[in-house]
Structure formats: C-alpha cells, structure tokens
Amino acid sequence: MSSLLVADLMLPGPETLSDLVAAMGTALTGRGPAGLGLPDARRYVVLLVDGMGQENLDQSRHLAPTLSQMENCHDLTCQVPSTTATSLSCLGTGTAPGRHGVAGYTFRAPSGRAMNALSWANGDDPEVIQPHPTAFESLVAAGVTVSSVGPARFQRSGLTRAALRGPRFIPICDEDDVDERVCKTLSASRSGDASLTYVYERSLDHVGHGEGWQSGAWRSRLMWVDGLVGALLDELDPGTALVVTADHGMIDVPGGHRVMVEDEGGLLAEVDLLAGEPRFRHIYTRRPDEVAQRWRRVLGDRAQVVIGDDAVAAGLFGPVDTSTRSRFGDVLAITRGDWAIMSRASLKELTLVGMHGSLTPCEMRIPLLAQICEG
C-alpha cells in the first residue's frame, strides 16, 4: 500500500483499535496474559474518549495531568477511515472495516443509497449491515459480564445494534454529570466474577468539530475529561484496570483549505454517489479510471486519489468481504495536510472546524493508557 500513499499519510499500525477487546479477553477468560502491554486484571473499565488523538493529547499534556501520569501501554492506531462509526465498529466487532462493513460516516448501503452510520438514516437492518458476532458477544458467551455505559439516546441506535451489541446497556441521562457516570460505571464493573465495562465519552469530539481542537473550548473540555478519569481512578475498586483510548484524532481545517466539489472542474461528472466525509471521500462511479484522473488533475497535491480496487487489493481496509466491497468507493479521495473536500449537499459539514477521516498521524494515532486502581 505504501506505493499508493504519499509521505504524510500513514497506514494502520500492526496493532489497532480492532485488537483491544481481544487483548483484554485473554486475561478475562484465563487464557493467558493481556495483550498490547495492558495490565492483567479480572475487571477492566475501558473509557473511549471520542476525538482525543495521541498527537492532540501530546500537545496538551499540561492540561491533563491525570492522563499524563497513566502508563502508555502500546503504540496504537485506528483503522481507515479515521472516523467514529468505523472505529467504534472496529472496537465492538474486533475486526477491520473490510469485514464489518461500516465504511465511514456515510457510505453506499446495500440498498444503493448513501446511509449515515451515526444517525442510521437510509440504513438497512443493523444485522444486515453487520451480521457477524461481535467481540463483546464472544466475551459474554465465554462467561464475562460485559456492560456498556453511554448516552441514553444510543441504547437502541443502529450502530449499537450493528457493531456494539452484546453488552448490557446502562444509559446515562446527564452526560455532564460525572457522579452519575462514575456511579454507574462502578456498579457495572462489580458485576460477575470477571467484567468488562465500556464507557463512551463524546463531548471532546463535539467541541472540536464546532470550535476546533486548538480552541479554548476544546482545552477546557479536555480538562473536564481529565477530571472524569481522575474520578474513575479514585472510585473504582482496587485491582480494576482503567484503560483509556480514543477512536481517532483531529485536524483543524482553515476556511481557505476547503474544496467545494460543485465549483471545481467538473469533479461530479460521471459520479453516481459521493459519500464519506470531507477528509476521506468515497466516490462511486462506473468509470473509476476517468473519474480518478479528473480528481487528480483538479486536486493536485491537496489529496491522494486512489482507485478503490487498488486500495482494497493492498489491504487499506483489511481483508474485504465480497458482501461489503460495494460499500467502499470505486475511487477514494484522501486529503493531505489540512485540506477538506466539501459539498453543498451536506450543509452540516460546512460548519465544521475540526475534522478527521484521513490518514495523517494526527488523525490515525490514538492513545492506549492504563492504570490499576488502588481505591
């Protein structure tokens, strides 16, 4: 794959978010020591902080003293594209995007329409989109108590039912209430002889999208996240392993680095469907060679434009099932630097400051931090 990518874009690492549940599962089921450099424990709490990339955190460590003192277990990346729906599906299923088929924020569903994997708009039945047993379900079958602590609105969401099914869902009513989150996490972690409790925190990503990750609002929210981590370390039972990770990082895109597809050199000619997101576009067409040549000519060094079949053959999405191939673009436009490819058909995207989806280290590298709680 390296021959298809320019120097400032990176591939998923040898260990990715897809490996995390299995790494804890070996210890939880007594099959051996935990993987990925994680401590061995009979109770794990995994806090996934949406949008807290490794490089974002590295540049903000003075604002996050609790996170900074946790052990950095292993170099970890997300999979491709570096976006929430894909990454949470990698975590939940323990597989790469080519198998679970959640190909991005939006992608072509089996119905032929562009579906939104977060809202599930235009989505098919979740178990049609992702029919394989999840990593969480496998742990439950092995006798581990698995719980998911997250916003109440996600309890029956399409993404939860497709890729995160298996845990007992514990809804959070007030996401800003640290005490509620900690209390419910503590109760969940005490269940059964061996337990895995997954906790999802989304506010840092939300602030980054609206204000940018270098904004004062983002820095303030990171401090709040650090306080949540501290509260969990203080309250969880002794011997519980708290693991903190993320789904992707973030880049701020300046106003002058936004390519509008409707205004640029016939980019939409012979394009049947445009999906993905501004930093990683899936382009669906019956004429991939001609479309790719046009996009390369117009975008120049602002993006790497790749024929989808070449990317699949090179393993960019991991092994791709026959049933999921049509979800990935016939052409891919992967932005470089701090560029974005926008469309007036997606008005919400036009308001974004912080973005992700591409293959820069700032978007791909994610933390894997752990600490055994002392109570």
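**Close-up views of a four-stranded sheet and a helix pair**

**View 1. Val331 in strand 15 is the bridge partner of Ile307**. The model is predicted: local features need pLDDT of at least 70, side-chain atom pairs count only at pLDDT 80 or more, and totals for chains, interfaces and linings use all residues. Residues are numbered from 1 along each chain as its sequence is written, and side-chain values use heavy atoms, with hydrogens and water left out. Strand 14 and strand 15 (residues 331–335) run antiparallel and are joined by 5 bridges. Gln304 stands opposite Ile334 in strand 15. Strands (E, at least two residues) and helices (H or I, at least four) are DSSP runs, numbered from the N terminus.

**View 2. An open sheet is formed by 4 strands in the order 12-13-15-14, with antiparallel pairing**. Strand 12 (273–277) and strand 14 (303–307) are the edge strands, each pairing on one side only. From one strand to the next, the twist averages 20°. Two strands count as paired if DSSP finds at least two bridges between them. Strand 13 pairs with strand 15 over 4 bridges, in the antiparallel sense. Within strand 15, Ile334 is the bridge partner of Phe280.

**View 3. Strand 15 is covered on both faces**. Val331, Ala333 and Thr335 are buried on one side, and Leu332 and Ile334 are buried on the other. In total, 5 of the 5 residues of strand 15 are buried (under 20% relative accessible area; exposed is over 50% and partly exposed in between, with a 1.4 Å probe and protein chains only).

**View 4. Helix 12 (residues 288–299) lies across strand 12, strand 13 (280–284), strand 14 and strand 15**. Helix 12 runs at about 170° to strand 14. Axes are lines fitted to C-alpha atoms, for helices over the stretch in contact, and angles run from 0 to 180 degrees between N-to-C directions.

**View 5. Helix 10 (residues 203–211) packs with helix 11 (residues 216–235)**. The angle is about 175° and the axes are 9 Å apart. The two helices are therefore roughly antiparallel (over 145 degrees; under 35 is roughly parallel, 65 to 115 roughly perpendicular and the rest oblique). Ser203, Leu204, Val207, Gly208 and Glu211 of helix 10 meet Ala217, Trp218, Arg221, Leu222 and Trp224 of helix 11 in the contact (heavy atoms within 4.5 Å). By class, this contact has 6 nonpolar, 2 polar and 2 charged residues. Ala, Val, Leu, Ile, Met, Phe, Trp, Tyr, Cys and Pro count as nonpolar, Asp, Glu, Lys and Arg as charged, and the others, Gly among them, as polar.
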